[in-house]
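Got your viewer open? Here's a short tour, one selection at a time.

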Amino acid sequence: AAVSDSVGSAEFRCDGNLATGSLLPYCQTGGAQSNGKVETFRVPQVTLDDFTTELSTDTRIAFIKIDTQGADLHVLRGAEHLIEIHRPWLAVEMIFVSLYEDQSEPHEIWEWCAAHDYVLAGIFEDHYSADGWLSYADAVFVPREIAKSFQLPFKPRGNHLQEAEIAMLRQVCDERLALINRLHEEAEKRLDIIKEQERKLQVRNG
């Protein structure tokens, strides 16, 4: 079933790349167009609020991960009761480029979360276009009531790679600097030898 903010059935679209399937039409103008033939399927549609009504009363939902290709805000709206009761962490995809018609805008997702007393804890899995523009990323929101004591149990991938890259560059720079210093010392020795030979030639010829 597809997950959204209403119960019933819906058109689900997918081209040759199965990872891009969405309830939303692909952008055909002014954005990233579909690659290949788009097939359409009629699928049942549920909300998380409706889907979770059959869970036992002692079940606690602690984490919700949403990556529905532009329809993430609809999923949040369809889980409003669940989120108010369980206060889970939310990991939501934000798309910053035009991929789907009427896709959820990052600021709309952020505003919805803020209106439900959630704060942004981190941005993860950030991806950029070939010309350097932020394309999409996963945003992690946590309930405001735990924000003061909240500590991420993991590091954003970008920061980890950046730290590793900085450490590698620092090591390379240190190695190059040590090599430069050795070459400088060797050059000084050679220059001293040349000066000494020139002095001896002058004495011999004088």
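Two strands count as paired here if DSSP finds at least two bridges between them. Keep in mind that this is a predicted model.

With that in hand, select residues 63-66, strand β4, together with β5: the two run parallel and share 4 bridges. For one contact in that pair, pick F63, whose bridge partner in β5 is W89.

Now stay on β5, residues 89-95. Of its 7 residues, 6 are buried, so the strand is largely enclosed by the rest of the structure. Add residues 134-143, which make up β7: this strand is antiparallel to β5, with 6 bridges joining them. Zoom in on M94 and you'll find A137 of β7 standing opposite.

Next stop, another sheet. Its 3 strands are ordered β1-β3-β2, and the sheet is open with mixed pairing. Select 2-3 for β1 and 8-14 for β2: these are the edge strands, each with a single partner, so one side of each has no neighbour in the sheet. Bring up residues 39-46, strand β3, to see how β1 pairs with β3: in parallel, over 2 bridges. A2 is a good place to click, as its bridge partner in β3 is Q45.

Last, head for the surface. Select M168, L169 and V172, which make a nonpolar patch of about 250 Å². M168 sits in helix α5, residues 157-205. Is M168 buried or exposed? Neither: its relative accessibility is 48%, so M168 counts as partly exposed, a class that lies between the under 20% of buried and the over 50% of exposed.

Conventions:
Residues are numbered from 1 along each chain as its sequence is written. This is a predicted model: local features need pLDDT of at least 70, side-chain atom pairs count only at pLDDT 80 or more; totals for chains, interfaces and linings use all residues. Side-chain values use heavy atoms; hydrogens and water are left out. Patches are made of residues with over 30% relative accessible area and no salt bridge: like charges are joined within 9 Å, nonpolar side chains (Val, Leu, Ile, Met, Phe, Trp, Tyr) within 5 Å. Accessible areas come from the Shrake-Rupley method with a 1.4 Å probe; for residues, only the protein chains shown count as cover. A salt bridge is a side-chain nitrogen of Lys or Arg within 4 Å of a carboxyl oxygen of Asp or Glu. Buried means under 20% relative accessible area, exposed over 50%, partly exposed in between (1.4 Å probe, protein chains only).
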